[in-house]
Amino acid sequence: MVLDEFSQCAAKSKVRMAAGGDITCIMDAWVKQMQDSEKYRQKIAKGIAVDQSEKPAQVLREFSDFEISMTLFTFLFASQDATSSASTWLFQLMADRPELLDRVREENLKVRNGDRDVRFSMDMLEKMTFTRAVVKETLRYRPPVIMVPYLVKKDFPVSDSFTAPKGSMIVPSVYPALHDPVAYPNPDSFDPDRWITGDAEKMTKNWLVFGTGPHYCLGQTYAQLNLMGMIGKASMHFDWKHQVTSLSEDIKVFATIFPQDDCHLAFSNRL
């Protein structure tokens, strides 16, 4: 049913983009570039000279409605585990560090002029310097996905003594890069201020939470804004307590990572 609905959306997007409609979502942008690519190919096939400025940044093939639907379905659900992991650690870390949660709450109330029921906007999110730092530090401290598999397309020298053969799998971990003491001093301590007054933002080669290169996670900006909005809203409307155990800070890997004690939290409404 979901795939059928997305297929219908793709078909409607193709009609609207062909008629010159405005791009309003990622599907429209994809369809528009696909249609521009087809126009470019047709001109080339007819021998028409095309200026480089008219060439699409990426020349895409034609994708069927169902192919677009399946991709959107992947976008929708691929991040489910990672978001669950990040949210779990975020709520636990804030419960265990109430002085940081107080700062998140104060900042979120400030950008809303004291009215906690005001909906957040992009302008508000841009002003949430500390909330952003808390989210980024959570993702660095406990990155939801710590291993990313790659298929070796050709023999690849991993080191002077080992070359991964074509067809094999390499599964590097991003955890060491995110806990590198050279890039992040005291890497095993949770310190959001490193993103404000420290050099953390400059360590782009170590910031591998969402991958890097042409296959980086397309949802990286959305994911961080979503987590900012969630913890900001929660901070104003709820109090929560964490049942701390000796396993709370220890990691168990279940595709994504979670606290070994499963993070028991109790929530209550703020008056």
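Eight aromatic pairs turn up in the structure, which is a predicted model. One of them brings together Tyr141 and Phe190, whose ring centres are 5.7 Å apart and whose planes stand at 75 degrees, an edge-to-face arrangement. This pair links distant parts of the chain: Tyr141 belongs to helix H7, while Phe190 sits in the loop between H8 and H9, 49 residues apart. Tyr141 has a relative accessibility of 5%, so it counts as buried. Phe190 comes out at 10%, and because buried means under 20% relative accessible area, it is buried as well.

Another edge-to-face pair is made by Phe238 and Phe267: it gets that label because the planes meet at 90 degrees, with the ring centres 6.3 Å apart. Phe238 is part of strand E5 (residues 238-242) and Phe267 is part of strand E8 (residues 265-269), so this pair ties together parts that are 29 residues apart in sequence. Phe238 is partly exposed, at 32% relative accessibility. Phe267 is partly exposed too, with a relative accessible area of 45%. Both rings also belong to one aromatic cluster, made up of Phe91, Phe238, Trp240 and Phe267.

Back to helix H7, the home of Tyr141. The helix runs over residues 129-141, and at 1.5 Å a residue its 13 residues should span 18 Å; the end C-alpha atoms are indeed 18 Å apart, which agrees. H7 is mostly covered, with eleven of its 13 residues buried. Among them are Phe130, Lys136, Glu137, Arg140 and Tyr141, so charged side chains appear in this list next to aromatic ones. What do the buried residues of H7 pack against? Their partners are H4, helix H5 (98-111), helix H8 (175-178) and helix H9 (220-237).

Two of the residues buried in H7, Phe130 and Arg140, also take part in contacts between a charge and a ring. The charged end of Arg103 sits over the ring of Phe130, 3.8 Å from the ring centre. Arg140, for its part, lies over the face of Tyr184, at 5.3 Å from the centre of that ring.

Helix H4, one of the partners of H7, covers residues 80-96. Its 17 residues should span 24 Å at 1.5 Å a residue, and the end C-alpha atoms are 24 Å apart, in agreement. The buried residues of H4 include Ser85, Trp89, Leu90, Phe91 and Met94. Phe91 is also a member of the aromatic cluster with Phe238, Trp240 and Phe267.

Helix H2 (residues 26-45) passes the same kind of length check: 20 residues at 1.5 Å each should span 28 Å, and the end C-alpha atoms are 29 Å apart, which agrees. Its buried residues are Met27, Asp28, Trp30, Val31, Met34, Gln35, Ser37 and Tyr40. An α-helix has 3.6 residues a turn, so residues three or four places apart point the same way. In the list for H2, Met27, Trp30, Val31 and Met34 are all buried. What covers the buried residues of H2 includes helix H1 (2-18) and helix H3 (65-78).

How do H2 and H3 pack, at what angle? The angle is about 145 degrees, and the axes lie 12 Å apart. H2 passes H3 in a right-handed crossing. On the H2 side, Ile26, Met27, Trp30, Val31 and Met34 meet Glu67, Ile68, Thr71, Leu72 and Phe75 of H3. Just after H2, Gly47 takes a positive phi of about 80 degrees.

Key
Residues numbered from 1 in each chain as written. Predicted model: local features only at pLDDT ≥ 70, side-chain atom pairs only at ≥ 80, totals over all residues. Heavy atoms only, no water. Helix = DSSP H or I, 4+ residues; strand = E, 2+ residues; numbered from the N terminus. Expected span 1.5 Å × (residues − 1). Buried < 20%, exposed > 50% of the residue type's maximum accessible area, 1.4 Å probe, protein only. Contact = heavy atoms within 4.5 Å. Phe/Tyr/Trp six-rings, centres within 6.5 Å; stacked < 30°, edge-to-face > 60°. Lys NZ or Arg CZ within 6 Å of the ring centre and 35° of its normal. Axes fitted to C-alpha atoms, helices over the stretch in contact; angles between N-to-C directions. Left-handed = near helix turned anticlockwise from the far one by under 90°.
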